[in-house]
Amino acid sequence: MDQRWRVVITTVDGRNLLWRKNDRVHSLSQELGPVWVANFRPAVFQVLPDGALVPRGSAAEAADVANVALEPDGAG
């Protein structure tokens, strides 16, 4: 299996959360990961405590995103 990436989201208050989509940790292909991180716009999204991304202002419990980074997905 090809290497995949997990996205680590750092909130402005210092928490590190794994990006979750459809109630599970989401991974990106080796090729897509760097492109996704380079094009991510924190001004558009916030993150929920479980790691799900939501549109800015759509959830009271959402936090601002300070940074997104990649780490190897050890699941594969």
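Helices, of at least four residues, and strands, of at least two, are DSSP runs numbered from the N terminus. The exercises below concern a predicted model.

**Exercise 1. Determine how many helices and strands the chain has, and in which pattern they follow along the sequence.**

Solution. Step one is the count: the secondary structure comes to 1 helix and 8 strands. Step two is the order: read along the sequence, the pattern is β-β-β-β-β-α-β-β-β.

**Exercise 2. Establish whether the radius of gyration of the chain agrees or disagrees with that of a compact globule, and describe the overall dimensions.**

Solution. First, take the expectation: a compact globule of 76 residues would have a radius of gyration near 11 Å. Next, take the value for the chain, which is 12 Å and therefore agrees. The C-alpha atoms fill a box of roughly 40 × 25 × 20 Å along the principal axes. Of the 76 residues, 32% count as buried. The exposed area of the chain is about 4700 Å², and carbon and sulfur atoms supply 52% of it. Finally, among contacts between residues at least 6 apart in sequence, 53% join residues at least 24 apart.

**Exercise 3. Identify strands with which β1 pairs, and give the sense and the number of bridges in each case.**

Solution. Begin with β8 (residues 63–72): β1 runs antiparallel to this strand, and 7 bridges join them. Here Trp5 stands opposite Pro72.

Continue with β5, which pairs with β1 (residues 4–11) in the antiparallel sense over 3 bridges. In this pairing the partner of Trp5 is Leu28. Trp5 thus has a place in both pairings, facing Leu28 in β5 and Pro72 in β8.

Then consider β2 (residues 16–18), again antiparallel to β1 and again with 3 bridges. Ile9 of the β1–β2 pair stands opposite Leu17. β1 and β2 form a hairpin with 4 residues between them, and Gly14 in the turn has a positive phi of about 95°.

**Exercise 4. Decide whether Asn16 is buried or exposed, and state which residues it touches.**

Solution. Locate the residue first: Asn16 belongs to strand β2. Its relative accessibility is 54%, and so Asn16 counts as exposed, the cut-off being over 50%. Leaving out residues up to four places away in sequence, Asn16 touches Val8, Ile9 and Thr10. A further distance can be read off: Asn16 and Gly33, 17 residues apart in sequence, lie 17 Å apart from C-alpha to C-alpha.

**Exercise 5. For Asn22 and Asp23, find the sign of phi and decide whether each residue is buried or exposed.**

Solution. Asn22 is in the loop between β3 (20–21) and β4, and the place of Asp23 is also in the loop between β3 and β4. Turning to the backbone, Asn22 has a positive phi of about 55° although it is not a glycine. Asp23, likewise not a glycine, has a positive phi of about 65°. As to accessibility, Asn22 has a relative accessible area of 69% and is therefore exposed. Asp23 has 68% and is therefore exposed as well.

**Exercise 6. Decide whether His26 is buried or exposed, and list its contacts beyond its sequence neighbours.**

Solution. His26 lies in the loop between β4 (24–25) and β5 (27–29). The relative accessible area of His26 is 18%, so this residue is buried, the cut-off being under 20%. With neighbours within four places in sequence set aside, His26 is in contact with Trp5, Arg6, Val7, Trp19, Arg20 and Lys21.

How values were computed
Residues numbered from 1 in each chain as written. Predicted model: local features only at pLDDT ≥ 70, side-chain atom pairs only at ≥ 80, totals over all residues. Heavy atoms only, no water. Buried < 20%, exposed > 50% of the residue type's maximum accessible area, 1.4 Å probe, protein only. Contact = heavy atoms within 4.5 Å. Pairing = 2+ DSSP bridges. Rg over C-alpha atoms; globule rule 2.2 N^0.38 Å. Areas by Shrake-Rupley, 256 points an atom, 1.4 Å probe, with all protein chains shown as cover.
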